[in-house]
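The exercises below walk through one structure, each with a task and a solution worked step by step. Please look at the sequence and the fold before you read the solutions.

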Amino acid sequence: MIEEFLKLSPAGQVKYLKDEEFSALEREKRIEFLKELALCGRCPSKCLASALKILRELKFRDRMFYKRFLEHPDSSVTMACKKALSDREGDMVFVPMREMVKRQNNEKKLQTVKLIVSETGQAGEDLLLSFLAEDNIRVRELVVKELSGRPQLDEGKLLAQLSHSIWFTRAAIVEILGNRRSRLLLGKADELLADPNVEVRLQLLFALSKLDREQVRDSLLKLTKDPHVRVSREAKKALATL
C-alpha cells in the first residue's frame with residue numbers, strides 16, 4: 001500500500017490522507033500506515049506534516065516516535081511534531097517555536113506564521129499574539145486579520161499587552177479590538193488618547209468609529225483636538241457622521 005501511495009503526487013498524497021476512503025479504515029490500520037509512511041524516508045514534507053497531524057488527531061501518543069522529527073528542516077513538520085508532543089504536556093513548546101521563527105528570514109517567517117494560523121487552540125493563539133511584536137508588517141497584517149475574525153479570543157489578554165508593548169504592537173492590538181467591536185476599548189480610550197505614537201491614536205480613532213457612536217462621542221471630540229493634523233481631521237469627519 002505504501003509503494004502505491006508514494007506514486008501519487010505530493011498534493012495527491014495529502015488529499016488521500018484526508019479522503020473518506022482512508023478515514024473509513026480502522027484506527028489501528030490508519031496508525032500503522034501513517035507510522036510506516038513517516039519512517040520510510042521518502043515522504044515529502046507536506047505529506048509528512050499531514051501524517052503527523054493525523055496521528056495526533058488519532059490520539060497516537062508515542063513521544064519517542066514524534067521526537068524523531070524535531071530536527072526536521074521543514075517548519076511545517078516540526079510544528080506538527082511539537083503540537084503532537086504538546087497534547088500530552090498540556091501546552092505547546094512555545095519558546096523553541098518562537099525562537100525558531102525569530103531566526104528565519106522574512107519570507108520564511110511569513111510562511112511559518114501562515115501555518116500557525118491553522119492552529120485553533122490556546123497555544124496557537126498565544127503564539128499569534130507574540131507575533132504582533134514582529135517588526136514585519138506582512139506578519140502583523142496576517143495576525144491582525146486572523147485574530148480579528150476568530151470566534152473565540154481572550155480579548156482581556158490582548159488588552160493587557162498594551163502597557164508593555166512597542167508602538168506597532170499597540171496599534172495592531174487596537175486594530176484587532178476595533179475590528180471585533182470590543183467594548184473593552186471604551187475602558188482604555190482615555191489612556192490611548194494620550195499615547196505618544198500617532199499611529200496608535202489613529203488606529204484608536206478608526207476602532208472607536210466602529211463602536212456605538214453615542215458611547216464614543218466624547219473620545220472622538222477629544223481626538224478632533226489632537227496635535228497631529230491627520231488625526232484631528234479624521235476625527236472631525238467621524239464626528240460629523242454622528
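A residue counts as buried when its relative accessible area is under 20%, as exposed when over 50%, and as partly exposed in between, with a 1.4 Å probe and protein chains only. This is a predicted model, in which local features need pLDDT of at least 70 and side-chain atom pairs count only at pLDDT 80 or more, while totals for chains, interfaces and linings use all residues. Residues are numbered from 1 along each chain as its sequence is written, and side-chain values use heavy atoms, with hydrogens and water left out.

**Exercise 1. Confidence and overall make-up**

Task: Find the mean pLDDT of the protein, and state how many helices and strands there are.

Solution: Begin with pLDDT, the predictor's confidence in each residue, from 0 to 100. Its mean over the protein is 85, and 89% of the residues reach 70 or more. Next, look at residues 89-95, where pLDDT stays under 50 and for which the model has 13 contacts beyond four places in sequence; a contact means heavy atoms within 4.5 Å. Then turn to the secondary structure, taken from DSSP runs numbered from the N terminus, with helices (H or I) of at least four residues and strands (E) of at least two. The protein has 17 helices and zero strands. Finally, consider burial and contacts: of the 242 residues, 49% are buried, and among contacts with a separation of 6 or more, 61% join residues 24 or more positions apart.

**Exercise 2. The nonpolar cores**

Task: Determine which residues have the most contacts inside the largest nonpolar core.

Solution: First fix the term, since a nonpolar core is a set of buried Ala, Val, Leu, Ile, Met, Phe, Trp, Tyr and Cys residues joined through side-chain atoms within 4.5 Å. The largest such core has 40 residues, and Leu132, Val143, Leu158 and Leu223 have the most contacts inside it. Apart from this core lies another, of 30 residues, including Leu6, Val14, Ile31 and Phe60. To see the surroundings of one residue, take leucine 223, which, not counting residues up to four places away in sequence, touches Leu193, Arg201, Leu205, Leu208, Val231, Ser232 and Ala235.

**Exercise 3. Two helices and their buried faces**

Task: Work out which residues of helix H2 are buried and which of H4 are, and then describe how they are arranged.

Solution: Start with H2, residues 10-18, whose buried residues are Gln13, Val14, Tyr16 and Leu17. Seen down the axis of H2, these fall within an arc of 160°, so they line one face of the helix; the arc is that of the directions from the helix axis to the C-beta atoms. The face turned away from the buried side of H2 carries the exposed residues Ala11, Lys15 and Lys18. The buried residues of H2 pack against helix H1 (2-6), helix H3 (20-23), helix H4 (27-39) and helix H5 (45-57).

Within H2, glutamine 13 is buried, with a relative accessible area of 2%. Beyond its neighbours within four places in sequence, glutamine 13 is in contact with Phe5, Leu6, Leu8, Pro44 and Cys47.

Continue with H4, where the buried residues are Arg30, Ile31, Phe33, Leu34, Leu37 and Ala38. Viewed down the axis of H4, they fall within an arc of 165°, so they too line one face of the helix. These residues pack against H1, H2, H3, H5 and helix H6 (63-67). After H4 comes glycine 41, which has a positive phi, near 80°.

**Exercise 4. Single residues**

Task: Decide whether glutamate 28, lysine 114 and lysine 59 are buried, partly exposed or exposed, and place each in the structure.

Solution: Glutamate 28 is found in helix H4 and is partly exposed, with a relative accessible area of 45%. Glutamate 28 and leucine 58 are 30 residues apart in sequence, and their C-alpha atoms are 9.1 Å apart in space.

Lysine 114 belongs to helix H9, residues 106-117, and at 42% relative accessibility it is partly exposed. Its C-alpha atom is separated by 8.6 Å from that of valine 139, 25 residues apart along the chain.

Lysine 59 lies in the loop between H5 and H6, and at 54% relative accessibility it counts as exposed. Most residues other than glycine have a negative phi. Lysine 59, however, has a positive phi of about 65° although it is not a glycine.
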